[in-house]
Amino acid sequence: MDPENVEANNADPKAIEAKASEAKNAQEKIAEENAVARVSASKISEGTFRRRNRRELLKLTPLIALGAFAIPSFQASLLKKGLGFSDWASARLFRSGHLAPTFADSALTPFEKFPINGYDVDDPGVIFENWNLTVSGTVKTPGNYTLAQIQALPRFRQNTRHVCVEGWDVIGRFGGARLSDFLKMVGADTTTRFITVGCADDYYESLDMATALHPQTLLCYEMYDQPLTRQHGAPLRLNVPTKIGYKHAKYLTDLKVTNVLDKVGYWEDQGYSSFYGL
């Protein structure tokens, strides 16, 4: 018989059990220490990563946004939300008593150099003798109004800047009745949110009520102290110097006071800003 086996067979069973227990405890302690070490290392690593990468992440944010715009499925939603926020902020910054800049006659762009900027055609062929402005919506006296009735209101003339979204601007002289006076004449409910206009060339546009009531917003029937020409929107157009040029609808035929916009405006419905204040 092997001497080692003899020694093992003659050993005290309690001593063997005690040694086995001691070895097990030592192994558990080592395992626990290793686990604590791994957790600590993980926490340190995670914290270090966060601190080191926060700035890098901020640097990447514009690139992430740009990348989102490159994904067709995100483009429309991002643009709509961005424009919505811009219009919301602009509307709250708009001050009804704050006037757009006005200029001396010497600063006027010569009439012949004032661009003719049409939506579809330069002249939709309005028959002036038959023309009237059809008014509807939340007004006391809806119906058809002639140019003579509009011209009977106080006339205001102003030299203001016309800014086109295409990138050009000119200073022109415009004359007409304040839209606010006309709305008062027809008994408009000015707690209503919007006015919309339709045009002889099928163009359409809207204004928020604060802009419609602004003292510089005109139902314009004159330019440079002369009746509007056909190319510039005769017999009646909007002049809104607090807004971008596409809000200055020409060849007006309809005006509605409403709380609901089925359509915002021709260019707005193509993705442009609905407020676009200057």
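These legends walk through a handful of close-up views of a predicted model.

**View 1. A five-stranded open sheet.**
Start with the overall layout: this open sheet has 5 strands in the order 2-1-10-5-6, and its pairing is mixed. Its edges are strand 2 and strand 6 (204-208), each of which pairs on one side only. On average, neighbouring strands here are turned by 20 degrees against each other, ignoring direction. As a general tip for looking at sheets, side chains in a regular strand alternate between the two faces.

**View 2. Strand 1 and its two partners.**
Now zoom in on strand 1 (residues 133-137). With strand 2 (residues 143-145) it runs antiparallel, and 3 bridges join the two. They make a hairpin, with 5 residues in between. To find your way across this pairing, look for Thr-134, which sits opposite Asn-144 of strand 2. Which way does strand 1 pair with strand 10, parallel or antiparallel? The pairing of strand 1 with strand 10 (residues 252-258) is parallel, and it has 4 bridges. One spot to check there is Ser-136, whose bridge partner in strand 10 is Lys-256.

**View 3. Two buried phenylalanines, Phe-114 and Phe-174.**
The structure has 8 aromatic pairs. In one of them, Phe-114 and Phe-174 have ring centres 6.0 Å apart and planes at 80 degrees, so this pair is edge-to-face. Distant parts of the chain are linked here: Phe-114 belongs to the loop between helix 3 (72-93) and strand 1, while Phe-174 belongs to strand 4, 60 residues apart. Both of these residues, Phe-114 and Phe-174, are buried.

**View 4. Tyr-204 meets Tyr-266.**
Here is another edge-to-face pair: the rings of Tyr-204 and Tyr-266 are 6.4 Å apart centre to centre, with 80 degrees between their planes. Tyr-204 is in strand 6 and Tyr-266 is in the segment after strand 10, so the pair ties together parts 62 residues apart in sequence. Are these two tyrosines buried or partly exposed? Tyr-204 has a relative accessible area of 16%, under the 20% cut-off, so Tyr-204 is buried. Tyr-266 comes out at 22% relative accessibility and therefore counts as partly exposed.

**View 5. An aromatic cluster and a nonpolar patch.**
Step back a little and the pair from the previous view turns up again in a cluster. Which residues form this aromatic cluster? The members are Tyr-203, Tyr-204, Tyr-246, Tyr-266, Trp-267 and Tyr-272. Trp-267 and Tyr-272 also help make a nonpolar surface patch of about 240 Å², together with Val-165. Val-165 lies in the loop that runs between strand 3 (155-163) and strand 4 (169-178). With a relative accessibility of 34%, Val-165 counts as partly exposed.

**View 6. Gln-226 and Gly-175.**
Our last stop is Gln-226, which you can find in strand 8 (residues 226-227). Gln-226 has a relative accessible area of 49%, which makes this residue partly exposed. How far apart are the C-alpha atoms of Gln-226 and Gly-175? They are separated by 8.6 Å, although the two residues are 51 residues apart along the chain.

Technical notes: Residues are numbered from 1 along each chain as its sequence is written. This is a predicted model: local features need pLDDT of at least 70, side-chain atom pairs count only at pLDDT 80 or more; totals for chains, interfaces and linings use all residues. Side-chain values use heavy atoms; hydrogens and water are left out. Two strands pair if DSSP finds at least two bridges between them. Patches are made of residues with over 30% relative accessible area and no salt bridge: like charges are joined within 9 Å, nonpolar side chains (Val, Leu, Ile, Met, Phe, Trp, Tyr) within 5 Å. Accessible areas come from the Shrake-Rupley method with a 1.4 Å probe; for residues, only the protein chains shown count as cover. A salt bridge is a side-chain nitrogen of Lys or Arg within 4 Å of a carboxyl oxygen of Asp or Glu. Buried means under 20% relative accessible area, exposed over 50%, partly exposed in between (1.4 Å probe, protein chains only). Axes are lines fitted to C-alpha atoms, for helices over the stretch in contact, and angles run from 0 to 180 degrees between N-to-C directions. Rings of Phe, Tyr and Trp (its six-membered ring) pair if their centres lie within 6.5 Å; planes under 30 degrees apart count as stacked, over 60 as edge-to-face and the rest as tilted.
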